[in-house]
Amino acid sequence: MCYYARDIGLIVPVAIPDCRTNIRRQGLSLIRPASEKYPLLVFSPQGPSLRELTVQALSSVERGYDLLAPKFDHTPFRTSDGVLDATADALRPLGPFGRGLDVCCGTGAGMRILEPLCQGRITGVDFSTGMLAQARRAHPDAECVQADVRALPFAETFDLAVSFGALGHFLPAERPSLFAGVYRALRPGGLFAFPIGAPLPITSRWYWALLGFDLAMQVRNAVWRPPFVMYYGTCRLQAVRNDLTAAGFTVTTVPLTALGRREDGSPRCRLVLARRT
């Protein structure tokens, strides 16, 4: 069975096992195969439990991802291979590239596509030590750097930068710092690429589910410290394009048709291509 989950502005396919048992607890529907005997595991036997996700949600962003890191790749929060492969296919005709950077690399899923696209060394940057530990295990030949990506410690170093599933962790007022840092990190002519999804129709159940998530997160951050910044509705293409242009990029997009089309025929997802001039 296949469901769709939104990965920070992106609709991505998420594989879910054949499920026959719904567990309803405190208003949540936790789906698991009837044959499995694991307690309150939300995604898979290898994934985090409901308790672990709750602890993460009540932590800071950094601490939350440190806690989730060992099981992150067993959740739908990891960018799907379909999205990664579609991005690689779109970037391949524009290469080869020299050095590559994965911005907010997490456990290193995006670094997988940089390796065949780039002739130079690959670098992943993230502020979570737990996520970087997983990335180092997955990509031992790559460089992993712990840093706040709103103040990237690079200058004219890379030819290609990518990012997956990260923009929702930045408030709109923080995007200019992020994009300015990526601009500085790229060599002249360098490219910053990331996928972004088309807006969901208001008639879609996912529209209302994600709107409800954002509202719940606003309430959580108003009454609980430290804040956990994660919003799905703050990354509209036009707003992101404007911020990239203000940072100095020349911005185009290409459709990722492999990820499907909407009912009106428009692409479900586009790849943003922001080139340093």
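**A chat about Glu156, the core and the helices**

Biologist: Where is Glu156 found?

Modeller: Glu156 is found in the loop that runs between β7 (143-146) and β8, and I should say at the outset that this is a predicted model.

Biologist: What is the phi of Glu156?

Modeller: Its phi is positive, at about 50 degrees, although Glu156 is not a glycine.

Biologist: And which residue has a phi of about 60 degrees?

Modeller: That is Cys104, whose phi is also positive although this residue is not a glycine, and it sits in the loop between β5 and α4 (111-117).

Biologist: Is Cys104 buried or exposed?

Modeller: Cys104 is buried, with a relative accessible area of 18%, while Glu156 is partly exposed, with a relative accessible area of 43%.

Biologist: Changing topic, which peptide bonds are cis?

Modeller: One is the bond from Gly95 to Pro96, with omega near 0 degrees, and Pro96 lies in the loop between α3 (81-91) and β5. Another cis bond joins Arg225 and Pro226, with omega of about 5 degrees, and Pro226 has its place in the loop between α7 (205-223) and α8.

Biologist: Let me step back to the whole chain. How many helices and strands does it have?

Modeller: The protein chain has 8 helices and 11 strands, and 48% of its 277 residues count as buried. Among contacts between residues at least 6 apart in sequence, 61% join residues at least 24 apart.

Biologist: What about the accessible surface of the chain?

Modeller: The accessible surface comes to about 13,300 Å², and 55% of this area belongs to carbon and sulfur atoms.

Biologist: On to the inside, then. How many residues are in the largest nonpolar core?

Modeller: That core has 30 residues, and those with the most contacts inside it are Val182, Phe192, Leu244 and Phe249. The elements that each give two or more residues to this core are β5 (100-103), β8 (158-162), α6 (175-185), β9 (186-197), α8 (237-246), β10 (249-255) and β11 (269-276).

Biologist: Which element gives the largest share?

Modeller: The largest share of this core comes from α6, which supplies 5 residues. In α6 the buried residues are Arg175, Leu178, Phe179, Gly181, Val182, Tyr183 and Ala185, and what covers them includes β5, β8, β9, α8, β10 and β11.

Biologist: And what does Phe249 touch?

Modeller: Leaving aside residues up to four places away in sequence, Phe249 touches Phe179, Val182, Tyr183, Leu186, Phe192, Leu244, Ala274, Arg275 and Arg276. Apart from the largest core lies another core, of 28 residues, with Met111, Ala142, Ala193 and Leu271 among them.

Biologist: One more thing, about α1 and α2: at what angle do these helices pack?

Modeller: Helix α1 (residues 50-57) and helix α2 (residues 61-68) pack at an angle of about 155 degrees, and their axes are 8 Å apart. Angles over 145 degrees count as roughly antiparallel, so α1 is roughly antiparallel to α2.

Biologist: Which residues meet there?

Modeller: From α1 there are Leu53, Val55 and Gln56, and they meet Gly64, Tyr65, Leu67 and Leu68 in α2. Sorted by class, this contact of α1 with α2 has 5 nonpolar residues, 2 polar ones and no charged ones.

Notes
Residues numbered from 1 in each chain as written. Predicted model: local features only at pLDDT ≥ 70, side-chain atom pairs only at ≥ 80, totals over all residues. Heavy atoms only, no water. Core = buried A, V, L, I, M, F, W, Y, C linked by side-chain atoms within 4.5 Å. Buried < 20%, exposed > 50% of the residue type's maximum accessible area, 1.4 Å probe, protein only. Helix = DSSP H or I, 4+ residues; strand = E, 2+ residues; numbered from the N terminus. Contact = heavy atoms within 4.5 Å. Axes fitted to C-alpha atoms, helices over the stretch in contact; angles between N-to-C directions. Parallel < 35°, antiparallel > 145°, perpendicular 65-115°, else oblique. Nonpolar A, V, L, I, M, F, W, Y, C, P; charged D, E, K, R; others polar. Areas by Shrake-Rupley, 256 points an atom, 1.4 Å probe, with all protein chains shown as cover.
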